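Q: Please take a close look with me at one part of this structure and then show me how the rest of the model looks. I am new to it, so a slow walk from one residue to the next would be very welcome.

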Amino acid sequence: MAANCGRVVRLLLGKSVKFASPCNPLTPQLCRQISCSSALCRKNLASLGPEKFTAEFIQKQIEEFEIGKRHLANMMGEDPENFTQEDIDRSIAYLFPSGLFEKKARPFMKHPDEVFPKQRAVQWGPDGRPFHFLFYTGKQSYYSLMHELYAKVLNIEKHQDRLRAKGLFSAEPKQISLGTSRWLTKEELEATLVETISSHDYDRFIQLMERMLSMPYSSLEEEFILRYRQQLEAQSMHQIVPPLQKDEKGVDFSTAEGKRKTSRSSVVVRDCGSGRITINGEDYLHYFPVLQDREQLMFPLQFAGVLGRFDLEATVSGGGRSSQAGALRLAISKALLSFLSETEGEAMRQAGLLTPDPRVRERKKPGQEGARRKFTWKKR
Amino acid sequence: MSNIRHLFLASRSGLLGFRHVGAAKVKFSINGQHFATASSIKSPEIQIQSFTEKVPNPPLEKHDHFRLSELFTLKDLFDARVHLGHKKGCRHRLMEPYLYNSSLDYDILDLDKTEEHLRLALNVTAQTAYRGGIILFVSRRRQFCHLVETTAKECGEYAHTRYWQGGLLTNAHIQYGQGVRLPDLIIFLSTLNNVFQQHVAIRDAAKMNIPTIGVVDSNCNPSSITYPVPGNDDTPVAMELYCRLFKMSINRAKDKRRQMELLQGLSEPSSSSS
């Protein structure tokens, strides 16, 4: 064991350290005893970095996933060809029911590309030569992007010079339609490049892109620029009015949903003229014995001045009596919008009838009696 | 003196077997647990030796095997304004042997010396490229960054014209990963960085025993560079000339290599098929 250790340590340290080898005791060499405990030889696994997955491993995982998906479809008695990820999630939730609170800890079956983090494969070939010409910079994807970008800027300038020489340079050429888009954020750029970049690098990238955009003939490289822009979803503040529908008897009706705390309700408002209200099949007097809840139901109708005109058919679930009443109120107000004019709808919005109440129950914190209540303070 | 330089190059390329690389995989066990000493990737030394065994290398003693002296003349250097240096105040003490004269305080480099040094440098480049060595072009001039990168891409070699991170050569196993192969030759198209100090890579290459070629202007320090080439590094014409010359010499060497491999393959079909 000691000789084994000694040989190993010699290989580790190279020829610089000479040992007093037991086989030739006559060689007058300088000998230095090196401690060779197993703790020294043990590799620090954490220092190697995150585990690397080879391309073959990922490929094998993908094949296993596909086969497993077909098995699962057969087990559930469904068509293996059209088995989507949602079907897989549903099947796994059915076959392996889990009561764990943490959703990520529950059993799952996902495509390996989503499970294993995207990593860089080995960057060089069998002869040791790296594949990318900017490998030795350390940030090859980012610098090659900058190189490409600068080449495009030079290309546009050359094009402009040629046009000027011919006299065809126009002052207002076709501009790129950016619309409501923004540049990719630093995190999104890092995800595209599969490489970390510093904020300074990102600023430089944006500067060069802006410079390219400011050139008159930047429409030459439109496709390239749009690749690095993200469309912003338009969030309109305008209230969506539910459409007015007609049933078989020719009566107008509209449907809307509402929620409050944990209650969810759905209401159908019919333009009958009777003023009857049914909740979950029961009459509203039986369902809400308390006056306060019935007042909440009537408030939107009373505000719009249409108390006896409409017929309400509602379903509600979850929560307690007060939150159910609140959910129903919101649903009724939304459904009423399709029968009222714009100004009346605006008046309802200003009254606060169309705003969902965001208040939910605050959790209890440890070290306190309730959400806010602290334990009794004792001086000693 | 050229023989010593060639020997140095030979030893660097591992022909004489002096190249030391990471130790090969060794498994040993202590108390029943198995460990490995170093990376399990095969050392590049073995790759290079098998590479050179296939095709005989051109003799190093033969001067200018690739006929690179045809690539440029003294007149070309003059037309590309290679002889123009900086002002007397910027002059480096060690560049004085390479200066021809100074007119109106502007230093003029001696083109005879430049021609001789450039021929040596191109020869070294071609010989390294012939043996499949990795060549790295380095320059920190923003004006010529794109030109240098394009040159490197066109001749199939590598470039670094960006911010030099500290441990790229000296801490390579941490920076790039285990088993990386470092460049066999570094060509500096401008030895100064953006704050007019000597580029860190010159010192790092000297530490890692990598031969360097450098275009040294009259304000640069030629001492640590293996093959200095006194010349102008500020004019676009001069930079284009250098890039063109290096690219042509590398391409010539690689073409010759491919020819020799084909000939080898034709003359000995049995050994090449195995």
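**A salt-bridge network and its surroundings**

A: Let us start at R90(A), which is partly exposed with a relative accessible area of 45%. Please keep in mind as we go that this is a predicted model. The side chain of R90(A) meets that of D87(A) in a salt bridge, with 2.9 Å from N to O. Both residues sit in helix α4 of chain A, and because D87(A) and R90(A) are three residues apart there, about one helical turn separates them. What about the cover on the acidic partner: is D87(A) buried or exposed? With a relative accessible area of 16%, D87(A) is buried, as the cut-off for that word is under 20%. The pair also has company, for E78(A), D87(A) and R90(A) are linked in a network of salt bridges.

Next, find R70(A), which forms a salt bridge with E81(A); the closest N and O atoms of that pair are 2.9 Å apart. R70(A) belongs to helix α3 of chain A, while E81(A) lies in the loop between α3 and α4, so this bridge ties together parts that are eleven residues apart in sequence. R70(A) counts as partly exposed, at 39% relative accessibility, whereas E81(A) is exposed, at 56%.

Staying on helix α3 of chain A, which covers residues 55-76, you will find M75(A). M75(A) is exposed, with a relative accessible area of 60%. Together with Y94(A), L95(A) and F96(A), M75(A) forms a nonpolar patch on the surface, and the four have about 480 Å² of accessible area together.

Now let us step back to see salt bridges elsewhere. Over all chains, the structure holds 38 of them. One in chain B joins the side chains of E70(B) and R252(B), at 3.5 Å from N to O. That pair links distant parts of the chain, 182 residues apart: E70(B) is in the loop between α2 and α3 of chain B, and R252(B) is in helix α8, residues 236-267. E70(B) counts as exposed at 51% relative accessibility, and R252(B) as partly exposed at 29%.

While we are in chain B, here is the wider picture. Chain B has nine helices and ten strands, and 49% of its 274 residues are buried. Strand β8 of chain B, residues 185-188, is a good place to see such burial. In a regular strand, side chains alternate between the two faces of the sheet. Here both faces are covered: L185(B) and I187(B) are buried on one side, and I186(B) and F188(B) on the other.

Strand β8(B) has neighbours too. Strand β6(B), residues 135-138, pairs with β8(B) in the parallel sense over four bridges, and I135(B) stands opposite L185(B). Strand β9(B), residues 212-216, also pairs with β8(B) in the parallel sense, over three bridges, and T212(B) is the bridge partner of I186(B). Finally, β8(B), helix α7(B) (residues 200-207) and β9(B) make a right-handed β-α-β unit.

Key
Residues are numbered from 1 along each chain as its sequence is written. Chains are lettered from A and ligands numbered from 1 in the order in which they are written. This is a predicted model: local features need pLDDT of at least 70, side-chain atom pairs count only at pLDDT 80 or more; totals for chains, interfaces and linings use all residues. Side-chain values use heavy atoms; hydrogens and water are left out. Helices (H or I, at least four residues) and strands (E, at least two) are DSSP runs, numbered from the N terminus. Buried means under 20% relative accessible area, exposed over 50%, partly exposed in between (1.4 Å probe, protein chains only). Two strands pair if DSSP finds at least two bridges between them. A crossover is right-handed if, with the strands pointing away from the viewer, the path from the first strand over the helix to the second runs clockwise. Patches are made of residues with over 30% relative accessible area and no salt bridge: like charges are joined within 9 Å, nonpolar side chains (Val, Leu, Ile, Met, Phe, Trp, Tyr) within 5 Å. Accessible areas come from the Shrake-Rupley method with a 1.4 Å probe; for residues, only the protein chains shown count as cover.
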